[in-house]
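Subject: Structure for your files

Hello,

Here is the structure I said I would pass on. My notes on it follow below.

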Amino acid sequence: MTDSDGRICWKCGTRYGNDVKLCVRCGVNLETGEMVRRHSDEDPFAATGVVGMLDRSVPGVMKPGLIALAAPLAVAGVVVLAAACGAFGMARYSSIGSIILLGVPGVALWGQATALILAGRFALLPTALGELDGLRWSLFFSSLIVEAMLVVGILRVA
Ligand SMILES: [Zn+2]
């Protein structure tokens with residue numbers, strides 16, 4: 001290799017061999033001279049706009065496997081909570097005890113379903129909740145309100 005061989009990064013002036021394609025200091029592509037994004041930069045593959053926001057805040061909506069798991073859990077949660085509140089002809093059995101006994105698992109099932117979608121991976125409720133940030137916490141609580149509204153709807157019909 002002679003002195004004229006090699007590549008020089010236009011940004012920092014570091015000299016590299018011809019086989020080197022990237023200045024590790026600056027992230028300059030030595031073949032094209034373009035700046036290559038570093039890992040710490042925003043993910044170049046991250047979707048932007050509404051889809052990107054959805055992908056970051058509720059990553060599970062992009063994963064059919066998680067939805068297939070969460071959907072029956074959510075339905076079960078609503079049914080159990082509605083039953084606890086005396087829907088489906090169970091009114092005469094409904095008491096504070098039954099509301100607590102069935103209501104807590106009813107909310108937990110729904111919460112687990114929501115947590116799967118918000119965490120974007122399979123994780124049990126306590127673990128998943130530990131991963132949530134502010135926005136997803138508020139989405140989680142909003143989803144509990146949605147469950148309550150669904151149950152109120154069922155109680156009106158039943
Ligand atoms: Zn450089």
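Helices and strands here are DSSP runs, of at least four residues for a helix and at least two for a strand, numbered from the N terminus. On that basis, the sequence reads β-β-α-α-α-α-α, which gives 5 helices and 2 strands. Please note that the model is predicted.

Overall, the protein has 158 residues, of which 22% count as buried. Of the contacts between residues at least 6 apart in sequence, 42% join residues at least 24 apart.

I looked mainly at helix H2, which covers residues 64-84. With 21 residues, H2 reaches 30 Å from its first C-alpha to its last, close to the 30 Å expected at 1.5 Å a residue. After H2 comes Gly-86, which has a positive phi, near 95 degrees.

The buried residues of H2 are Ala-70, Ala-74, Gly-77, Val-78, Val-80, Leu-81, Ala-82, Ala-83 and Ala-84. They pack against two helices, H3 (96-119) and H5 (134-157).

Which residues touch the most other members of the largest nonpolar core? Leu-81, Ala-82, Ala-113 and Leu-116 do, in a core of 21 residues. H2 and H3 each supply at least two residues of this core, and H3 gives the most, with 9 residues.

Leu-81 is both a buried residue of H2 and one of those core residues. Apart from neighbours within four places in sequence, Leu-81 is in contact with Gly-103, Gly-106, Val-107, Glu-147 and Val-151.

Regards

Methods: Residues numbered from 1 in each chain as written. Predicted model: local features only at pLDDT ≥ 70, side-chain atom pairs only at ≥ 80, totals over all residues. Buried ≥ 20, exposed ≤ 12 C-beta atoms within 10 Å, placed from the backbone. Contact = placed C-beta atoms within 7 Å. Expected span 1.5 Å × (residues − 1). Core = buried A, V, L, I, M, F, W, Y, C linked by C-beta atoms within 7 Å.
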